[in-house]
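Me: Please take a close look at a single part of this model and explain how its pieces pack together. Begin with the setting, and give the cut-off behind each term as it comes up.

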Amino acid sequence: MTKTNLKNRIQAGYTLIETLVASAVMMGAIAAASSLSLSMVTQEEMSERTVRALNHLENIATLFQIGVSTSEIENLLPKEPVVYDILYTADTKTVAGLGTVDFTDIRMRYTPSAATSSSGANSWTGGSHSALRTFNIHVMRPNP
Amino acid sequence: MKSNPHNQQSTAHGSVLVVALVISAIGTLGVLATISVIGARSNLAEAQFDGLTRRIVFNNSKALAREVIYKNYLTDDVILTADQTYTAGTSPIWGSVTIGAFDKSAFTFSSTARSHPTGASPIRAFSRDLTVQIGDGANQYPFQYQMRSYNPALAGDLLSIHPTPEVASEQMRISGDLKVKGRAVFWKGDYYQDASSTMRSLEVILPATNAPKLVLENPDEDAVKPSNYINFVQTVGRVPGGNHYKGELDIVNNSTSGANSYFQRLAAIGGHVSADGQVGATDALGPATVSATGNDSTLIAAILNGSITESTLVGLLASNSPLSSNVIQVLLNRVPAVSDSYLLPLLNSQAPLPDDIIIALANPSVSVGDATRRTILNNTGYSFISDGQGTVSLSLQSLYLPNLLLSNVTQLIIEGQTNTTAADDASLLQPRVIAVKNPDNLLLTTVRLEGLTNQRRVALAISQRGVLDGADLIDISGDPATAGTNKTRFIFNSPSPYIQWKLLTELEGVSSEWDVTAVSTVTLFGGIRADHSIRVEGGTLTLDRETDTDFIESLVSRNAWIETYR
């Protein structure tokens with residue numbers, strides 16, 4: 001091999017095969033990153049919505065414990081979009097040495113996902129938009 | 001080494017690869033960090049469920065502690081010899097509290113009267129400390145509770161109007177010229193008053209939501225609005241079959257709440273005297289009686305001889321001193337009656353008068369002038385006299401006056417002090433409690449308050465609960481002649497037109513009419529706690545605060561409530 005030929009070979013670019021392989025690897029990485037990104041954003045949104053829902057529920061419990069009626073609570077608190085519904089159910093618990101005390105079961109249902117439609121062929125969403133998560137607390141109101 | 005183009009090209013390829021790897025590594029680390037943060041955030045969000053649950057349980061436990069203390073401990077005279085745990089729910093537990101042991105109930109605890117500077121509750125009140133462990137489902141946290149109690153009038157609530165249990169619809173009236181130099185507290189708002197009069201008080205509290213039906217002014221006649229302070233839930237003790245926190249009064253003779261009931265508490269303390277208005281009794285310094293002598297028949301014949309002059313008769317009797325009780329009884333009942341000017345020196349010369357004569361003299365039906373009667377009785381050194389016919393007389397200047405539990409009393413005569421020296425002396429005497437509980441259908445109609453003043457601290461508690469039978473009995477406004485019959489008239493009689501009386505009054509089941517006609521203006525240092533109408537007649541009644549609370553604060557009835565400190 002002459003010195004000139006060797007120099008030309010050394011200075012040549014990547015072969016087509018090399019380029020194609022590199023591109024394939026790159027595309028895979030980008031696809032994985034995209035999927036991971038959607039998952040992370042979805043997870044972050046679910047966490048945020050969970051915290052917002054729980055804060056709302058705690059506000060409800062606090063107002064209820066200080067004696068505000070359930071209808072007034074609805075009027076007092078700003079509407080929280082992530083909360084699907086609130087259900088109050090009167091309950092009692094027996095306390096040995098005291099008797100029966102009044103409790104109220106407060107059930108909250110909220111939508112953890114921010115998706116507005118179901119995922120499908122033309123819609124790529126994180127989570128199910130119709131999924132509901134339920135959380136119950138039992139609150140005692142001071143009496144008298 | 002000589003430069004070689006091939007080696008130079010290889011070096012260039014390697015550099016690109018290293019840079020790519022480094023960038024990839026950094027990117028990977030970034031992605032991993034982001035995933036880690038998102039994961040931590042998710043864990044935090046999930047942990048909020050447990051956190052919220054624990055906070056709810058913690059607040060439930062505080063509510064449970066309040067309910068336990070109010071229901072089990074505050075209204076009753078109970079102690080706790082060992083810590084007691086109360087739990088709401090099982091697996092999961094939605095509230096848990098442990099009440100620490102304590103040895104005195106709220107109503108009986110009198111050792112520590114702490115000051116409370118916030119103004120939300122009385123500045124001074126007895127405070128029974130209570131350590132309470134509040135649970136959150138995982139741990140317990142110690143809180144300091146205080147079961148507090150104090151008499152409202154001594155705390156500044158000079159007029160306390162409580163709900164009336166007898167009638168469903170309240171028709172209480174506060175009428176006449178009543179001024180309150182403190183706070184007036186209405187446990188319920190369902191009351192009204194005469195249109196011609198105005199309620200005057202420095203402050204007014206209307207705990208109920210009812211719109212005030214009073215024209216509210218301060219003593220300077222400037223309009224005042226009801227205070228809207230936060231109020232602690234208070235109890236006056238256990239009431240049979242009732243809600244213990246509505247404020248119904250049952251503090252005179254209530255066996256279900258003995259710690260806050262005068263008859264039961266004074267009996268427990270001891271040293272009191274129980275007296276029956278239908279049984280003659282006194283504690284004067286003389287003998288029980290003076291036996292008959294040989295010349296009694298002669299003396300009695302002289303007394304009954306209408307032709308003998310008073311001076312001759314009195315001279316005869318004086319020369320035969322000491323006279324027997326029998327002779328004096330005949331003398332007191334003589335018709336026509338012996339003039340006070342002759343009777344007074346004669347009876348004074350018989351000192352110490354025997355008890356049976358003192359009892360006879362105390363009866364208002366005996367034909368002796370009021371002034372003479374009081375002078376004679378005061379000279380006997382009595383502290384109390386029951387005449388056996390419903391009248392009980394008390395002397396507030398007597399060192400020996402005990403706490404009195406009275407029954408079957410239709411008239412009560414309370415003698416204050418007749419001069420300022422005696423008043424100064426009386427201010428140093430121990431405070432006393434006079435409690436009256438009559439049986440059904442026997443009404444204490446009159447309380448006569450005699451004397452220039454009274455500077456001895458005294459609490460007067462009257463219960464007429466069994467006498468009431470209808471709403472008309474509590475409406476004593478308007479024409480006194482047609483007003484309801486179930487009322488006790490407080491009649492002031494003094495040589496001074498402006499008098500000061502130390503008297504803390506608690507009236508249960510009876511309306512009160514305060515007749516100040518004879519004196520025009522009375523300042524009552526103490527207060528009035530009542531659950532029926534109050535009417536002031538013939539002048540002004542001003543309620544002022546009793547500032548000397550020593551000893552009396554542990555004698556009188558109380559309200560109780562709880563407060564929490566971390």
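Reply: The contact between the chains draws 29 residues from chain A and 35 residues from chain B, two residues being in contact if their C-beta atoms, placed from the backbone, lie within 7 Å. On the side of chain A that touches chain B, at least two residues each are supplied by α1 (3-11), α2 (16-65), β1 (83-95), β2 (99-110) and β3 (133-140) of chain A, and α2(A) gives the most, with twelve residues. Helices (H or I, at least four residues) and strands (E, at least two) are DSSP runs, numbered from the N terminus.

This is a predicted model, in which local features need pLDDT of at least 70 and side-chain atom pairs count only at pLDDT 80 or more, while totals for chains, interfaces and linings use all residues. Residues are numbered from 1 along each chain as its sequence is written, and chains are lettered from A and ligands numbered from 1 in the order in which they are written.

The part to look at closely is helix α6 of chain B, together with the helices around it. Helix α6(B) spans residues 325-332, and its buried residues are S325(B), V327(B), I328(B) and L331(B); a residue is buried if 20 or more other C-beta atoms lie within 10 Å of its own, exposed if 12 or fewer, and partly exposed in between. These buried residues are on the same side of α6(B), because they cover an arc of only 160 degrees around the axis, the arc being that of the directions from the helix axis to the C-beta atoms. They pack against α4 (296-304) and α8 (355-362) of chain B.

Towards α8(B), the axes of the two helices come within 9 Å and cross at roughly 15 degrees; axes are lines fitted to C-alpha atoms, for helices over the stretch in contact, and angles run from 0 to 180 degrees between N-to-C directions. Helices α6(B) and α8(B) are therefore roughly parallel to each other, since angles under 35 degrees count as roughly parallel, over 145 as roughly antiparallel, 65 to 115 as roughly perpendicular and the rest as oblique. The contact is made by S325(B), I328(B), Q329(B) and L332(B) of α6(B) and by D356(B), I357(B), A360(B) and L361(B) of α8(B).

Towards α4(B), the axes of α4(B) and α6(B) come within 10 Å and cross at roughly 5 degrees, so these two helices are also roughly parallel to each other. Here D296(B), L299(B), I300(B) and I303(B) in α4(B) meet N326(B), V327(B), V330(B) and L331(B) in α6(B).

The next helix along the chain, α7(B) (residues 340-349), has the buried residues L343(B), L346(B) and L347(B). Seen down the axis of α7(B), they fall within an arc of 95 degrees, so they line one face of the helix, whereas the face turned away from this buried side carries the exposed residues S341(B) and P345(B). The buried residues of α7(B) pack against α5 and α9 (370-379) of chain B.

On the α5(B) side, V314(B) has its place in that helix, which runs over residues 310-319. V314(B) counts as partly exposed, because it has 19 C-beta neighbours inside 10 Å. Leaving aside neighbours within four places in sequence, V314(B) is in contact with Y342(B) and L346(B), and its C-alpha atom is separated by 10.0 Å from that of L347(B), 33 residues apart along the chain.

Between α7 and α8 of chain B runs the loop that holds P352(B), and the peptide bond from A351(B) to P352(B) is cis, with omega near -5 degrees.

The surroundings can be widened to the largest nonpolar core, a nonpolar core being a set of buried Ala, Val, Leu, Ile, Met, Phe, Trp, Tyr and Cys residues joined through C-beta atoms within 7 Å. Of its 143 residues, I358(B) and A435(B) touch the most other members, and its largest share, ten residues, comes from helix α1 (residues 5-74) of chain B. Not counting residues up to four places away in sequence, I358(B) touches T282(B), A284(B), L353(B), L377(B), T380(B), Y382(B) and I385(B).
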